[in-house]
Each structure stands twice: as structure tokens, then as C-alpha cells.
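Colleague: I should be grateful for a close look at one part of this model, namely the main sheet of the second chain and whatever packs against it. Please set that part in the context of the rest.

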Amino acid sequence: MSWEVVIGLEVHVQVNTKTKAFCGCSTAFGAEPNTQTCPVCLGMPGQLPVLNMEAVTKTVLTGLAIDATINLESRFDRKNYFYPDLPKGYQISQFAIPLVEHGHLDIPVGDGEKRIGITRIHLEEDAGKSLHEGLEGVSHIDLNRSGIPLMEIVSEPDMRSADEAVAYLKQLHQLVRFLDVSDADMEKGQFRCDANVSVRRPGEPFGTRTELKNLNSFRFIKQAIEYEAMRQIELIEDGGQVVQETRLFDSSKGVTRSMRSKEEAHDYRYFPEPDLPPLRLDREQVEQIRRGMPELPGQMRRRFEQEYGLSSYDAEVLTQTRELAAWYESLVAAHPADPKRCANWLANELLGRLKESGRDIADSPVSAQQLAGLLDRIADNTISGKIAKDVLDAMIESGQDADAIIEERGLKQLTDTSAIDDMIRDVMAANPEQVAQYRAGKEKLFGFFVGQVMKASRGKANPAMVNERLKVLLRE
Amino acid sequence: MPFTSLCEWSQRLAAGEISSVELTRLYLERVARFNGRLNAFVHYDEAAILEQAAASDAYRAKHGARPLEGLPVAIKDIFCTREGLTQCCSNILRGYQAPYDAHVITLLREAGAVLFGKTNMDEFAMGSSNETSAFGPCRNPWDIERIPGGSSGGSACAVAAGLAPAALGTDTGGSIRQPAALCGITGLKPTYGRVSRRGIIAFASSLDQAGPMTRSVRDASLLASVLCGHDPADATSVSNVPQIDWKKAVEYGDLKGMRIGRPQEYFIEGMDDGVRGCVEKALELCEELGAQIVDISLPHTEAAVATYYVIAPSEASANLARYDGVRFGYRCDDPKDLLDMYTRTRDEGFGPEVKRRILTGTFALSSGYYDAYYLKAQKVRTLIRQDFLRAFEQVDVIATPTSPVTAFRIGEKTDDPLTMYLSDVFTIAVNLAGLPGLSQPCGFVDGLPVGLQWIAPAWREDRLLSAAAAYEGATDWLSRTPELEAMA
């Protein structure tokens with residue numbers, strides 16, 4: 001009998017506010033340790049939190065985007081535990097009444113979609129960072145991250161494979177970036193995932209779950225879930241039992257290891273944060289946030305298909321990120337004649353070249369205006385598509401405009417009929433036998449003549465004109 | 001001279017009869033003479049204090065006087081101050097220098113006050129006798145074998161003994177009112193949310209409130225007028241509430257037509273007969289002055305102490321988690337590892353009463369006990385609040401004894417935490433309900449002061465002050481002062 005994997009995900013998304021959740025410190029990444037701190041986020045005696053409403057607005061926006069209920073009254077709670085990088089000895093979080101509940105996200109599965117329930121989104125503060133590496137016998141603590149707002153997005157146990165889990169995460173990742181509620185840079189820890197994994201025979205109740213931590217890339221998430229599911233299945237098939245515990249994923253070995261058992265689990269002793277009154281919003285505030293909702297990835301994908309006549313594949317690729325979609329739309333604005341050509345050249349040519357050197361669209365040395373300039377030259381037959389690819393290479397290398405490169409390298413396409421006729425006559429004169437055979441009915445040779453003429457023009461002759469004139473002259 | 005009121009000093013400073021430097025010197029000399037026996041101040045820097053007084057005199061000469069210009073105000077060791085030490089009378093904060101001023105300290109500075117040293121208190125404000133202080137007990141100036149009350153014992157003692165004309169205290173379960181009563185001075189705990197808590201070292205966040213401790217009701221009103229006000233950096237500080245005309249409230253102090261509630265639950269078996277007598281006499285006087293005494297009931301009063309000793313320790317257990325030896329304050333020597341550092345730092349740094357409350361609170365919040373303790377306590381808290389709301393449908397203010405007993409002997413109750421906790425039985429409900437309360441002297445039993453407590457609806461400090469000012473005007477308890485010369 002087969003096994004079914006059951007997965008629920010808890011994602012911590014760093015909200016991209018300018019200042020921290022409960023104080024005015026900057027949230028900028030990469031500053032010198034402990035330079036973005038103040039008595040509040042250092043937990044100095046007597047300091048009090050003041051809620052950053054930008055973090056609330058962004059959490060509400062996310063809630064609206066997943067069709068969730070926005071709780072007009074939510075509450076903050078203290079989550080108590082001791083750790084050196086947790087300055088107050090408790091984290092301000094939301095436990096009993098989160099800001100957002102009962103939402104969902106539709107993820108692509110095969111040819112269709114699957115709806116994944118989102119139990120809740122609550123707002124909380126991040127802890128600092130403990131640094132042990134390269135230090136003998138001591139640890140260092142950096143509290144720059146302490147107090148940065150996080151949304152904890154908790155899904156229902158609705159996913160049934162590692163691939164579904166990854167699809168959900170990618171969808172969520174794309175969503176928060178589209179909403180501009182998070183930069184969601186996984187390398188900077190701005191989008192962190194824990195997975196609850198269990199296995200069961202289909203139709204049976206849920207099995208005992210384990211919680212996997214330290215999953216900081218999509219690849220690791222897939223690996224960790226697949227490893228963990230196999231481990232549980234083998235354990236049960238060997239007559240064992242899964243123990244409820246927290247397990248750490250070791251990415252170097254691709255295995256999960258027990259971190260702490262249920263018995264060792266923290267008792268966080270949640271209770272309402274007395275320093276913060278309940279968070280009350282009124283309907284009008286929520287509606288105002290809703291009015292600021294940007295176009296979501298799905299809507300944009302459908303619009304690209306309809307408005308620009310793109311294939312669903314191209315629409316999908318071009319709406320991966322808001323930056324890329326915006327880039328595409330400015331390209332179309334600069335080269336409105338052919339949105340499909342724009343899509344091809346952006347998705348296949350430019351992105352392909354950038355990817356080779358590990359860059360993405362934000363790093364492109366070629367602007368949308370410049371690429372449009374190149375596409376204009378294809379459209380007006382100044383150069384062929386083939387030559388254009390060489391020009392694009394040169395543009396990426398030098399940052400120059402297409403026209404400058406075409407001019408400099410003399411790549412302008414030959415469109416002068418008499419010049420093309422001259423070349424054709426030369427080719428015919430040099431190949432009398434083939435001319436005779438062609439005229440005798442061996443029409444296959446037409447391609448040979450095209451090739452010869454193009455070669456004679458060093459690729460610059462306009463292929464369509466060569467075709468047209470060849471047909472006329474060969475028949476003479 | 002040292003028992004002159006804040007208001008009178010203010011007038012004499014304004015009239016040029018005395019300078020702030022001279023006034024401050026007068027009190028510093030008193031501190032030098034008597035603090036050795038009383039232990040009211042745990043930290044003060046004479047030079048820094050005189051420097052402030054000189055600056056105030058200069059300010060007055062140049063710009064005129066601000067509301068507290070040149071007046072010395074002693075500060076409970078729980079308020080963070082940029083200068084000097086802020087130790088909360090705990091070994092875990094021994095030597096701690098706060099990086100900033102508490103909001104109310106800023107307000108005092110801006111009003112021209114002279115910050116006059118840090119006063120003794122129970123460690124982290126946890127106590128009713130000042131005996132849990134890491135710097136030794138403060139003594140009651142009326143009988144130095146007795147406690148001054150707590151937790152703001154040093155502030156009460158300083159004012160009662162004429163070591164300072166006024167002081168700041170904080171009140172979580174009676175910590176301003178009970179020591180004020182036991183030392184024979186006036187103490188006001190404003191409505192929760194009226195005074196910013198920013199920069200006050202937290203004990204129980206939903207109960208803590210700062211307030212003035214002074215000789216007269218008028219002094220309390222003057223100091224309160226500076227301390228009260230919205231602070232956007234304290235989310236529990238309230239902005240859209242009725243403002244008080246502090247001057248008017250005391251100037252026209254009047255009891256005529258005032259309905260005073262006399263709750264039966266505050267006149268109970270086991271309370272000191274002398275205390276009961278003083279308070280009943282005070283109520284009779286109020287009646288003579290035109291007030292109407294109405295017998296009322298606050299039925300959940302009995303549950304207040306138990307409720308408080310779940311909620312306050314629960315909040316404290318989290319508030320005191322930051323004293324972990326990592327960033328500031330005390331750290332144990334040579335920790336073996338992280339756990340050893342935590343456990344020894346906290347074991348060596350905290351005193352027994354603080355540990356008792358952290359343990360109580362940790363237990364009450366633990367999974368499996370939360371509903372039975374914390375959640376139930378919150379429900380009872382609501383009932384207690386409703387008791388008062390109902391009572392205030394019938395009466396304008398409520399009058400009760402502040403403490404069931406007068407000052408007890410040092411060491412008398414230290415081995416029995418429960419009896420100690422019961423000394424706050426009449427003050428605690430006010431904190432749980434977030435109401436304003438005031439204690440003022442209303443007599444003496446065997447030479448020890450007795451306090452009369454006034455309780456008003458939320459945001460109606462004016463009623464407290466008005467009633468108390470009228471009572472004060474009709475009595476002369478203020479003229480009695482403790483005899484200190486013998487012990488100097």
C-alpha cells in the first residue's frame with residue numbers, strides 16, 4: 001500500500017518596513033554589528049514598545065491578497081524563553097488572536113491548481129543573531145536584527161509532496177514580493193521556512209509529525225522533506241514509531257537530525273503583552289489598505305496573455321517578479337509595434353544572456369529603451385534577427401546603444417535592390433551549372449543561391465529581398 | 001523649615017527669600033545628618049545636585065520660573081536617570097547607569113526641578129516594608145525600629161523626615177499610598193495611563209503607575225500637574241481623556257454635597273482598632289463638612305490580593321527575564337556555560353522575594369496552569385473593576401483606610417510572606433481597576449501615623465484632590481513632625 005506525505009509550512013517573512021516593529025531603528029541589512037539598536041530593541045530596563053503601523057498595514061495587505069479574514073481587534077502576546085540574542089527574555093508576538101486568519105493560496109499543480117489553506121498570519125519581532133563561527137570559547141551577539149518585524153505565515157497541512165510544498169513557497173515568495181511587503185531575500189534570511197512533515201496511509205488520520213528547521217533554500221526544502229518522509233516511512237515499515245520532535249536539516253549531508261524532543265520543547269508561557277493595548281482597526285482602514293492593492297501575479301499573467309497576446313508560458317516567465325514585469329511593460333511601451341517580439345527578446349535573449357553570468361534583470365546593463373532600440377532596427381529591416389543577436393551581445397558587453405554598434409561595425413543590412421541584383425548576378429555567373437539545373441526544374445537549389453548571396457554580402461543582405469530578387473533573376 | 005511644603009518653598013523662591021542653592025543645601029545637610037540612621041537615600045551626588053540648583057537659580061534670573069523651579073524632588077531608585085546610578089535597589093543592577101532619562105524625569109527637568117538623589121525601595125518594588133532592598137531597610141522616621149512601608153519606603157521616609165520636600169514614587173499594589181500612610185504624608189497614584197511609564201523599571205506593566213509623594217495635598221497636585229500627560233512613546237499612556245485643572249481641584253477643595261462611599265469590605269475583622277477609629281473619625285468630620293456618607297459594597301474585594309499575586313508576578317516573571325547577565329547589570333564570575341551563567345547570575349543577583357515572585361509568575365503562566373491561574377485572575381480583575389463602576393453610580397468618591405495596620409517592626413513579618421502581602425489588602429484593588437487613589441494622614445495611633453485612602457473613578461483625580469484638600473484644611477495633622485534630633 002502506498003504512503004501519503006502530509007506537509008504544513010510555517011514561513012517567517014521579514015516585513016520590509018523602514019524601521020523596526022517597536023522602535024525607530026533602521027532595518028537596513030548588513031550594517032556593522034549592534035549599530036542599528038536603541039534602548040528599546042536592546043531590552044534596556046524601563047523601555048517600552050510602540051507598534052509600527054507600517055508593519056500592520058503590510059500584514060493586512062498580505063492578508064487581503066490571500067482572501068483572509070482581517071481581525072479588526074487582534075492582540076500581542078509575550079512568548080517567553082531565554083536566549084542570549086533575545087534581549088528582553090521574551091519575544092513580542094501574536095498568539096491568541098492574530099491579525100490575519102483563514103486565507104488561502106492557489107498553487108499550480110500539474111495542469112491545474114490546488115488550494116492551500118492559510119491558517120493565520122501573525123506579526124512578531126525578530127531576535128538578534130548569535131555568532132559563534134571563528135570564535136574561541138566566546139559567542140558574539142549582533143542585535144541589529146532584534147525587533148525587525150516578521151510575518152509568520154502558517155499553512156494548513158494541505159500539501160502532499162515536497163514539490164507541492166516548494167510550489168506553495170514559490171507562490172508565496174512571489175506574492176510577498178509583488179505586494180512589496182517583503183524583499184524576501186532568502187540568502188539574507190528574509191524568507192525562512194519550517195516544515196511540519198508526517199506520513200500516513202491515504203484516508204487514515206494524520207500521523208505523528210516532526211518539525212524541520214533550517215530550510216533556507218527551495219532546494220533544501222525539497223531535499224529535507226523528501227528525506228524526512230522516507231525516514232518516517234522506513235521507520236514505520238520497520239515496526240517503529242515516529243516521535244514528535246524538532247529536527248534540524250543538515251544541508252551538507254542532506255539528512256535531518258533530532259534537535260529536541262516534545263518533552264524538551266519550550267513552554268513559552270504566552271500571555272497578553274501588557275505594554276501594548278489590543279490592536280484595533282476599523283473597516284475603513286482595511287478598505288483603504290485594500291485600495292492600495294497592486295495587481296497580483298495571477299491577474300497580471302492573464303492580462304499579459306490577453307493584452308499582449310503572449311503564450312501562457314511567456315506570460316508566466318515575465319510575471320515571475322514585479323521588476324521583470326515592469327521591465328517588460330516599459331519595453332513594450334518603447335516598442336509597441338510587436339509585444340510578442342518584445343517578450344521573445346526579453347525572455348529568451350536578454351534574460352538568457354544575463355543568467356549565464358548569474359545576473360537578473362535588475363543588473364541588466366541594457367535598459368528597456370536600449371533593447372527597444374535594437375528591436376526597432378529589426379522591425380525596419382536595418383539588421384536581421386541573426387545580426388541582432390550579435391548586436392545584443394555587444395550591447396551587454398559595452399552598454400552602448402544598438403545604433404552605435406550597427407554603425408561602428410557596419411552591420412547595416414543591404415536593402416539596395418541594384419546592389420543585391422549585382423551580387424545575385426555575380427553568384428549566377430560563378431555557378432552556371434547550378435543555374436542550368438535550377439532552370440531545368442531542380443528547385444531545391446534555391447536555398448543554395450540564397451546561401452551564396454548571403455555569404456557574398458557577409459550576412460548583411462536583407463534575406464527577404466534576396467529571396468524575392470533571386471526568384472525574379474533566376475527566372476529570366 | 002525642613003517640613004515646609006513644596007508650594008510654600010515655591011513662593012519663597014519666587015519672592016527671593018531663598019535661592020535654590022540655599023534650599024538644596026538645607027536639605028542636603030538634613031540628609032547628611034539623618035540618612036545614616038534612616039537609610040532613605042541609597043545614592044546621591046551632592047555636587048551634581050547643587051549644580052542643578054545653581055543652574056535653576058540662573059534660569060530663574062534670566063527667564064523667570066518654571067512650575068517646579070528650584071524645588072528639590074527625591075527620586076525613587078526605580079526611575080532611570082542619565083546621571084548617577086539606577087539600581088532598583090537590586091544587586092543585579094548594582095552599579096547600573098541608565099543610558100537615558102525616564103519620561104517623567106525629563107518632565108521634572110523641564111519644569112526646573114532639582115533631582116535630589118535616589119531613594120531606597122523594596123527590590124524591584126516587590127515588597128510592602130522596604131525590607132527587600134539590597135541596600136538594607138529604610139526606617140520609619142516616627143520610630144526607627146519600624147518599617148516605613150513599601151515599596152516606595154525611601155521616598156516616604158525622606159519627605160516625612162524632612163530630608164526632601166517631595167519625592168517620586170511608583171505604585172503597583174499600593175507602593176505609594178501604603179508608605180505614605182505609614183509615614184504620615186500624602187501620596188497620589190494617578191489613573192493607570194495618566195503618567196508615562198517609559199523609563200520606569202517595570203515590575204508589573206499593567207499595574208505600575210508613578211506619582212507624587214508630598215507633605216500636602218496641594219503639593220501633590222502641583223507635582224502631578226507636571227508628571228501627568230500623554231507620552232506617545234508609551235502605548236499605554238492615554239491621550240484622549242479629560243484633563244485635570246490641577247490648581248482648581250485643590251483651591252476649591254470642598255466636601256459639600258459630595259457623596260462618599262464607605263465600603264463595608266474595608267472595615268474588617270483583624271484590622272487595627274486604632275486605625276479603624278481614626279478613619280471613622282475622619283469620615284465623621286467629612287460628614288460635618290457637608291459630605292454624605294453612603295454605605296456601599298465592593299463584593300470582590302476579598303479576591304483582590306490573590307488576584308494581584310497572580311497577575312503581578314506573572315508580568316514580573318517576563319519583565320525581569322532581561323536580567324540575564326548578557327548585556328548589562330550583574331554577571332556571575334567564571335560561568336561554565338550559558339545555563340550556568342543564567343542560573344548563577346539570577347540566583348546571586350536577585351533577592352529572595354524577587355525570586356519568589358518570579359517563580360510564582362512562571363508557575364502561573366505555565367502550560368496546564370494558565371487557565372486556572374492567570375486567566376481566572378484576569379476574569380476576577382474584571383469583576384473587581386465592575387464593582388467599582390457600580391459603586392461610582394452611587395457615590396462620587398470612596399474613602400477607606402489605606403492600610404489595616406500602622407507601621408510594624410522591622411523583621412516582624414519577613415518570615416511570613418502571606419501576612420506581608422495582606423498589608424496591601426486595601427490598596428491593591430485600586431491598581432487592579434486602574435483607578436486613581438490618594439492617601440493622606442488622618443491621625444496617629446501610639447505615635448504612628450494612620451492613612452486615609454480616597455478612591456475616585458478613572459480620570460477623576462480632581463475629585464480625590466478636592467476631597468483630600470477639604471479634609472486637610474479642616475485638620476492639622478500636617479503640623480505634626482517626627483522627632484529626629486535624638487537619633488542624629
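Modeller: The description below begins with the sheet, proceeds to its strands and helices, and ends with the domains and the other chain.

The model is a predicted one. In chain B, 11 strands form an open sheet with mixed pairing. The order of these strands is 1-3-2-4-6-5-10-11-9-7-8. Strand 1 (41-43) and strand 8 (292-296) of chain B stand at the edges, and each has a single partner strand, so one side of each is left without a neighbour in the sheet. From one strand to the next, the twist averages 35°.

Consider the end of the sheet that carries strand 8 of chain B. Strand 7 (residues 259-263) of chain B pairs with strand 8 of chain B in the parallel sense, over 5 bridges. Within this pairing, B:Arg259 has B:Gln292 in strand 8 of chain B as its bridge partner. Helix 9 (residues 273-288) of chain B joins with strand 7 and strand 8 of chain B to make a right-handed β-α-β unit. Strand 7 of chain B is also joined by 2 bridges to strand 9 (residues 397-401) of chain B, and these two strands run parallel. Here B:Gly261 stands opposite B:Ile398 in strand 9 of chain B.

Elsewhere in the sheet the pairing is antiparallel: strand 5 (residues 186-189) of chain B is joined by 3 bridges to strand 10 (residues 437-445) of chain B. Opposite B:Lys189 stands B:Gly437 in strand 10 of chain B. As general background, strands of a sheet pair through backbone hydrogen bonds, in either the parallel or the antiparallel sense.

Strand 5 and strand 10 of chain B are also among the strands that helix 7 (residues 217-227) of chain B lies across. The others are strand 4 (166-171) and strand 6 (209-214) of chain B, and helix 7 runs at about 145° to strand 6 of chain B.

Helix 7 of chain B has a helical partner as well: helix 16 (residues 461-473) of chain B packs with helix 7 at an angle of about 155°, and their axes are 9 Å apart. That angle makes helix 7 of chain B roughly antiparallel to helix 16 of chain B. On the side of helix 7 of chain B, the contact involves B:Val217, B:Arg218, B:Ser221 and B:Ala224. These meet B:Glu461, B:Leu465, B:Ala468, B:Ala469 and B:Glu472 in helix 16 of chain B. By class, this contact has 5 nonpolar, 1 polar and 3 charged residues.

As to the wider setting, chain B is divided into domain 1 (6-252 + 472-487) and domain 2 (320-378). The centres of the two domains, taken over C-alpha atoms, are separated by 29 Å. In the contact between them, 12 residues of domain 1 of chain B meet 11 residues of domain 2 of chain B. The side of domain 1 of chain B that touches domain 2 divides into 6 nonpolar, 4 polar and 2 charged residues.

Chain B also meets chain A: 25 residues of chain A are in contact with 31 residues of chain B. On the side of chain A that touches chain B, 16 residues are nonpolar, 4 polar and 5 charged. Chain A has an open sheet of 3 strands in the order 5-4-15, with antiparallel pairing. Its edge strands are strand 5 (90-93) and strand 15 (271-272) of chain A, each pairing on one side only.

How values were computed: Residues are numbered from 1 along each chain as its sequence is written. Chains are lettered from A and ligands numbered from 1 in the order in which they are written. This is a predicted model: local features need pLDDT of at least 70, side-chain atom pairs count only at pLDDT 80 or more; totals for chains, interfaces and linings use all residues. Two strands pair if DSSP finds at least two bridges between them. Helices (H or I, at least four residues) and strands (E, at least two) are DSSP runs, numbered from the N terminus. Axes are lines fitted to C-alpha atoms, for helices over the stretch in contact, and angles run from 0 to 180 degrees between N-to-C directions. Two residues are in contact if their C-beta atoms, placed from the backbone, lie within 7 Å. Ala, Val, Leu, Ile, Met, Phe, Trp, Tyr, Cys and Pro count as nonpolar, Asp, Glu, Lys and Arg as charged, and the others, Gly among them, as polar. Domain bounds come from an automatic or database domain assignment. A crossover is right-handed if, with the strands pointing away from the viewer, the path from the first strand over the helix to the second runs clockwise. Angles under 35 degrees count as roughly parallel, over 145 as roughly antiparallel, 65 to 115 as roughly perpendicular and the rest as oblique.
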